[in-house]
Amino acid sequence: MRINKIDWISEEALEAEVIVTDGTFKVICFAQPLTYQEGSELSEPICCFDTTNIVRSDDNKYKVEKLAGYFSYYLTGRLIDRINGIVRVGGLLFELEGKMLPGDIKEGEFISFCCERLDLV
């Protein structure tokens with residue numbers, strides 16, 4: 001995961017919109033405080049806020065679909081860490097808010113979900 005572009009909302013407050021990519025998929029994230037530069041590699045997952053509609057996916061393909069809200073996305077990926085709620089979508093890692101996974105979903109399965117905002121930590 002790499003920061004592709006930074007659009008500053010307020011440089012003084014270190015508040016920005018950040019495009020993160022794995023070379024195939026890209027997402028727009030909110031960041032505050034942003035301490036990274038363009039081209040920086042990220043090691044921490046992207047945080048998903050206001051996550052809804054978490055379901056097992058019948059389509060075992062990675063998917064990033066932009067929704068109407070500015071930072072909103074519909075994502076499909078593989079659950080790689082159930083305890084910490086980590087989902088891999090291509091080369092991007094996402095952490096689900098509050099570990100909200102339904103009890104019948106297992107590690108290694110593909111899941112789909114909507115989230116209203118993506119944040120960098």
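## A tour of salt bridges and cysteines

Select Lys5, a partly exposed residue with a relative accessible area of 38%. Keep in mind that this is a predicted model.

**Stop 1: Lys5 and Asp7.** Now add Asp7 to the selection. Which residue does Lys5 form a salt bridge with? Its partner is Asp7, and the closest N and O atoms are 3.8 Å apart. Side chains of opposite charge can pair when their charged atoms come close. Check the surface here too. Asp7 is partly exposed, at a relative accessible area of 32%.

**Stop 2: Glu109 and Arg56.** Jump to Glu109 and show Arg56 with it. These two form a salt bridge, with 3.0 Å between the closest N and O atoms. Where does each one sit in the chain? Glu109 lies in the loop between strand 8 (92-96) and strand 9 (110-119). Arg56 belongs to strand 4 (residues 46-56). The pair is 53 residues apart, so this salt bridge links distant parts of the chain. Glu109 is partly exposed, with a relative accessible area of 21%. The cut-off for buried is under 20%, so Glu109 at 21% does not count as buried. Arg56 is partly exposed as well, at 37%.

**Stop 3: Glu65 and Lys63.** Select Glu65, then Lys63. Here is another salt bridge, and its closest N and O atoms are 3.7 Å apart. Are these side chains buried or partly exposed? Glu65 counts as partly exposed at 35% relative accessibility. Lys63 counts as partly exposed at 36%.

**Stop 4: a network.** Return to Arg56 and Glu109, and add Asp104. Salt bridges that share partners join Arg56, Asp104 and Glu109 into one network. How many salt bridges are there in the structure? The count comes to five.

**Stop 5: the cysteines.** Switch to the cysteine sulfurs. A disulfide is a covalent bond between the sulfur atoms of two cysteines. How many disulfides does this structure hold? The number is zero.

Pick Cys29. Its nearest cysteine sulfur is that of Cys48, 8.7 Å away, and Cys29 is in no disulfide. Is Cys29 buried or exposed? Cys29 is buried, at 0% relative accessibility.

Move on to Cys48. Cys48 is in no disulfide either, and the nearest cysteine sulfur, that of Cys115, is 4.2 Å away. Why is that not a disulfide? The sulfurs would have to be within 2.5 Å, and 4.2 Å is outside that cut-off. Cys48 is buried too, at 1% relative accessibility.

Note on methods
Residues are numbered from 1 along each chain as its sequence is written. This is a predicted model: local features need pLDDT of at least 70, side-chain atom pairs count only at pLDDT 80 or more; totals for chains, interfaces and linings use all residues. Side-chain values use heavy atoms; hydrogens and water are left out. Buried means under 20% relative accessible area, exposed over 50%, partly exposed in between (1.4 Å probe, protein chains only). A salt bridge is a side-chain nitrogen of Lys or Arg within 4 Å of a carboxyl oxygen of Asp or Glu. Helices (H or I, at least four residues) and strands (E, at least two) are DSSP runs, numbered from the N terminus.
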